[in-house]
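Here are my notes on the model, set out as numbered points for you to follow with the structure open.

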Amino acid sequence: MSLLEVRNLTISFGGLRAVDDFHIDIKKGQLYGLIGPNGAGKTTVFNLLTGVYKPDEGIIKLEGRDITGLKTIDINKAGIARTFQNIRLFKELTVLDNVKVGLHNHYHYSTVEGIFRLPKYYKVEKEMDGRAMELLKVFELDGEAGYLASNLPYGKQRKLEIARALATGPKLLLLDEPAAGMNPNETGELMDTIRFVRDQFDMTILLIEHDMKLVSGICEELTVLNFGRILTQGKTGTVLNDPQVITAYLGE
Amino acid sequence: MKKMKMTKTAKNNLITYIMVFLAYIAVQILLATGNISSLMKGLLVPLCIYVMLAVSLNLTVGILGELSLGHAGFMCVGAFSSAFFSKCMDGAMPDGVRFLLALLIGAAAAGFFGILIGIPVLRLKGDYLAIVTLAFGEIIKNLVNVLYIGKDKNGFHFSMKDSISLHLEEEGQVIVNGAQGITGTPHDATFTIGIILIFISLIIILNLINSRDGRAIMSIRDNRIAAESIGINITKYKLMAFSISASIAGAAGVLYAHNLSTLTALPKNFGYNMSIMILVFVVLGGIGNIRGSIIAAIILTLLPELLRGLSDYRMLIYAIVLIAMMLFNWSPKAVAWKERLKERYFPKRLRKEKEVK
């Protein structure tokens, strides 16, 4: 059974069909790429999957459960976490706290226990610190745990965003242009990190990317979008050599 | 690294507590030695009120990141609900118990209004939110001004017209008399009670900030869309911050009501002037900086009184100090200059600050 199953997903903004009849099947543990020229509707697909937009038509199923039309926070609780094209960190919080906010729904104590510092507060906070540091170690950010997120260099901010998304304990991770603005070295490093996350956390990853080196290097399957419609879908090697895809990117 | 950060926040909070405590001791010594004018004595309780208001508004403006201009309205709710209770219960129970209950009632009523107003209002953002909260503050004040409540042997009577339409029995008593407000509230507020309330407000707010809920609130401030995407319930945490902020303002209102024998809702005490003044404390003390709001509230309350000798130029100097403080705190040149000074004289501390904040 597919982890994520999308059928006939459609949304229009005014007269524009931003996404039209989108469908996808992602199996558990897969590294899946969503590519296409600028304005093809890739980020709109992400926004539909995470409940930022409600689809006009179509159905989204996560592990067989229908999650179409749920609110963003409920979709996150159901098991989809994402990062953003333009990094959205909690800038005035420390690196550690950014991850701890991600852990929010997995560790509980009441407001009263927090305000009056009852024993449960210390116990749970300690557990949260431990778990957050574990995650930061994976991304080699443990040395910067006390820094404000805004003081991190760009590449590390990208990593922190992934760490925060993973902290919510998702089944499916959506990465929106993780390599945007990175140099070839950083991109290479990021490819290793993404593979590592997949293996270490047994994660399924869907990513949007323009960097063809990254796409061909780590994605097993691809879907190509153009003008909101699926151009082609299949194994990476086949798709990238498809003349239609080359035309869409380079023109006639 | 982790340990360092923990001690840093804890240390910062401790400094704030100690500062308030030392101020209390200093005033007590001055009082005991008789080195304090009667004018200043009269200012002690209002000082506590302003500090509480500034600290509570900082929770909304600095921590939740929403501009609210209706804070005096919540203070008004706290003041009138508690004064009403105290007036009714005067003599029916020991003074201490009555004041404690009045405090809880005032804070709860203001918190309830915070939720009531917060539900529709917190859907708005930025300027719009500020305008609507401003309107709500005014509405509360004006409603209180046309409120008439009386009591006789048949129970409570209520009117929005005038005191005659309450149709009280002969021995009946008007408790809330419209624009004349509530007269004869017991005089329970003291400086010590004020300081205790400041401590309680600080404990609530500082501990809230450094907890799971506080992190959720600040994540909404920093990036609402990202907070939603990682499963933070935006409405719940906005309302939580807003209502806690409102109930502390309500507690300040209780203190206010029990410091005066006549409680009336005037533009001066519960109008938008007051809301703006609280906001000035917060902005000058540093948005999100709790200790800063305390200091700003104290300085800006004392300043006009200390300048009283200059009579005509008093408000002029007050305004100049405001502008100077604003420039000193926020102007890029002043900030850069402060950085340079720090680098020259405290290079070590600066490095530490960059690392851990």
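1. Helices and strands are here DSSP runs, a helix having at least four residues and a strand at least two, and they are numbered from the N terminus. With that in hand, Phe227(A) can be placed in the loop between β9 (221–226) and β10 (229–235) of chain A. Phe227(A) has a positive phi of about 50° although it is not a glycine, and with a relative accessible area of 70% this residue is exposed.

2. A positive phi, of about 55°, also occurs at Glu140(A), again not a glycine, which sits in the loop between α5 (119–138) and α6 (154–167) of chain A. Glu140(A) counts as exposed because its relative accessibility is 57%, the cut-off being over 50%.

3. As this is a predicted model, confidence deserves a word: chain A averages a pLDDT of 92, with 100% of the residues scoring at least 70. Among the elements of chain A, the lowest mean pLDDT, 83, belongs to helix α10 (residues 243–250), and the highest, 96, to helix α3 (residues 95–102).

4. In chain B, the axes of helix α3 (residues 71–89) and helix α5 (residues 126–145) come within 8 Å and cross at roughly 30°, which makes α3(B) roughly parallel to α5(B), since angles under 35 degrees count as such. Gly73(B), Cys76(B), Val77(B) and Phe80(B) of α3(B) make the contact with Gly137(B), Ile140(B), Lys141(B) and Val144(B) of α5(B); by class, these are five nonpolar, two polar and one charged residues.

5. Of the 19 residues of α3(B), 17 are buried, so this helix is largely enclosed by the rest of the structure. Just after α3(B), Gly91(B) takes a positive phi of about 90°.

Terms used. Residues are numbered from 1 along each chain as its sequence is written. Chains are lettered from A and ligands numbered from 1 in the order in which they are written. This is a predicted model: local features need pLDDT of at least 70, side-chain atom pairs count only at pLDDT 80 or more; totals for chains, interfaces and linings use all residues. Side-chain values use heavy atoms; hydrogens and water are left out. Axes are lines fitted to C-alpha atoms, for helices over the stretch in contact, and angles run from 0 to 180 degrees between N-to-C directions. Angles under 35 degrees count as roughly parallel, over 145 as roughly antiparallel, 65 to 115 as roughly perpendicular and the rest as oblique. Contact means heavy atoms within 4.5 Å. Ala, Val, Leu, Ile, Met, Phe, Trp, Tyr, Cys and Pro count as nonpolar, Asp, Glu, Lys and Arg as charged, and the others, Gly among them, as polar. pLDDT is the predictor's confidence in each residue, from 0 to 100. Buried means under 20% relative accessible area, exposed over 50%, partly exposed in between (1.4 Å probe, protein chains only).
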